[in-house]
Amino acid sequence: MLNKEKTTSNSDLSFVDEEQLFTELTSEEAAVIEGGLTLKLYWIKALKANADWGRLNRDDTYIRVNGRTVWGVKKMKSGQTRSINKFVDFNRSASIQLFDRDPGKDDFMGGFTVSKPTGRRLTGFAWGSGSTYALNYEVV
Ligand SMILES: [Ca+2]
Ligand SMILES: [Ca+2]
């Protein structure tokens, strides 16, 4: 009986120690240990916005990360830059995809996948359905 109680209190102690260990790590280190990463999306630039019919039409741009819409819909014309400033948590990998909202089926404008901390801000590119975009981001 006494032994059993002692075992219980020991395991409680080691659990507390583990939690204290995590608080001493930076959030980046903790994220790696837990298998989670954060995608930081800073800005998007339409190098060519041409996913709608007619040269004066602007794209109705939105961004999905792993199937979830995280930004938009925003009107984008060629040469235009918009800030995003969204942080998205993910496990293992994040598939970033751009779409143009349309009545009926939306146009896929390409994307790319990230799976590792980048160590700095990078610019990725997506193109499809006549449009090309630059996306400034970082993975931590
Ligand atoms: Ca379209
Ligand atoms: Ca559209």
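## Terms and basis of the model

Two strands are said to pair if DSSP finds at least two bridges between them, and strands themselves are DSSP runs (E, at least two residues), as helices are (H or I, at least four residues), with both kinds numbered from the N terminus. With these terms, strands β7 and β8 (residues 131–139) pair in the antiparallel sense over 7 bridges.

The structure is a predicted model, in which local features need pLDDT of at least 70 and side-chain atom pairs count only at pLDDT 80 or more, while totals for chains, interfaces and linings use all residues. Residues are numbered from 1 along each chain as its sequence is written, and chains are lettered from A and ligands numbered from 1 in the order in which they are written.

## Confidence

The pLDDT, which is the predictor's confidence in each residue on a scale from 0 to 100, averages 85 over the protein chain, and 74% of the residues score at least 70. Over residues 4–17, however, the pLDDT is below 50, and this stretch has 0 contacts in the model beyond near neighbours in sequence, where two residues are in contact if their C-beta atoms, placed from the backbone, lie within 7 Å.

## The chain as a whole

The protein chain holds 2 helices and 8 strands, and, read from the N terminus, its elements follow the order α-α-β-β-β-β-β-β-β-β. Among contacts between residues at least 6 apart in sequence, 52% join residues that are at least 24 apart.

Of the 140 residues in the protein chain, 19% are buried. A residue is buried if 20 or more other C-beta atoms lie within 10 Å of its own, exposed if 12 or fewer do, and partly exposed in between, with C-beta atoms placed from the backbone.

## The sheet β4-β1-β8-β7

One open sheet has 4 strands in the order β4-β1-β8-β7, with antiparallel pairing. Its edge strands are β4 and β7 (122–128), each of which pairs on one side only, and neighbouring strands of this sheet are turned by 30° against each other on average, direction ignored; for such angles, axes are lines fitted to C-alpha atoms (for helices, over the stretch in contact), and angles run from 0 to 180 degrees between N-to-C directions.

At one edge, strand β1 (residues 36–48) is joined to β4 by 9 bridges, the two strands running antiparallel, and Gly36 has Asn91 in β4 as its bridge partner. Strand β4 (residues 81–91) lies largely in the open, because 0 of its 11 residues are buried.

## The hairpin β7–β8 and Thr123

At the other edge, β7 and β8 form a hairpin with 2 residues between them, and Ser129 in the turn has a positive phi of about 55°. Gly124 stands opposite Leu135 in β8, while the bridge partner of Thr123 in that strand is Asn136.

Thr123 is found in strand β7 and counts as exposed, because it has 11 C-beta neighbours inside 10 Å. Leaving aside neighbours within four places in sequence, Thr123 is in contact with Ala134, Leu135 and Asn136; the C-alpha atoms of Thr123 and Ala134, which are 11 residues apart along the chain, are separated by 6.3 Å.

## The sheet β3-β2-β5-β6

Another 4 strands form an open sheet in the order β3-β2-β5-β6, again with antiparallel pairing. Strands β3 (68–76) and β6 (107–114) stand at the edges with a single partner strand each, so one side of each is left without a neighbour in the sheet, and the twist averages 15° from one strand to the next. Within this sheet, β5 and β6 pair over 6 bridges in the antiparallel sense, and Ala94 stands opposite Val114 in β6.

## The nonpolar core

In soluble globular proteins, nonpolar side chains tend to be buried together. A nonpolar core is a set of buried Ala, Val, Leu, Ile, Met, Phe, Trp, Tyr and Cys residues joined through C-beta atoms within 7 Å, and the largest such core here has 20 residues, of which Leu39, Leu98, Met109, Tyr133 and Leu135 touch the most other members. The elements that give two or more residues to this core are β1, β2 (59–65), β5 (94–100) and β8, with β1 giving the most, 5 residues. Leu135, apart from its neighbours within four places in sequence, is in contact with Leu41, Ile44, Ile96, Thr123, Gly124 and Ala126.

## A loop residue

Leu56 is found in the loop between β1 and β2, and it counts as exposed because it has 6 C-beta neighbours inside 10 Å. The C-alpha atoms of Leu56 and Lys77 are separated by 8.5 Å, the two residues being 21 apart along the chain.
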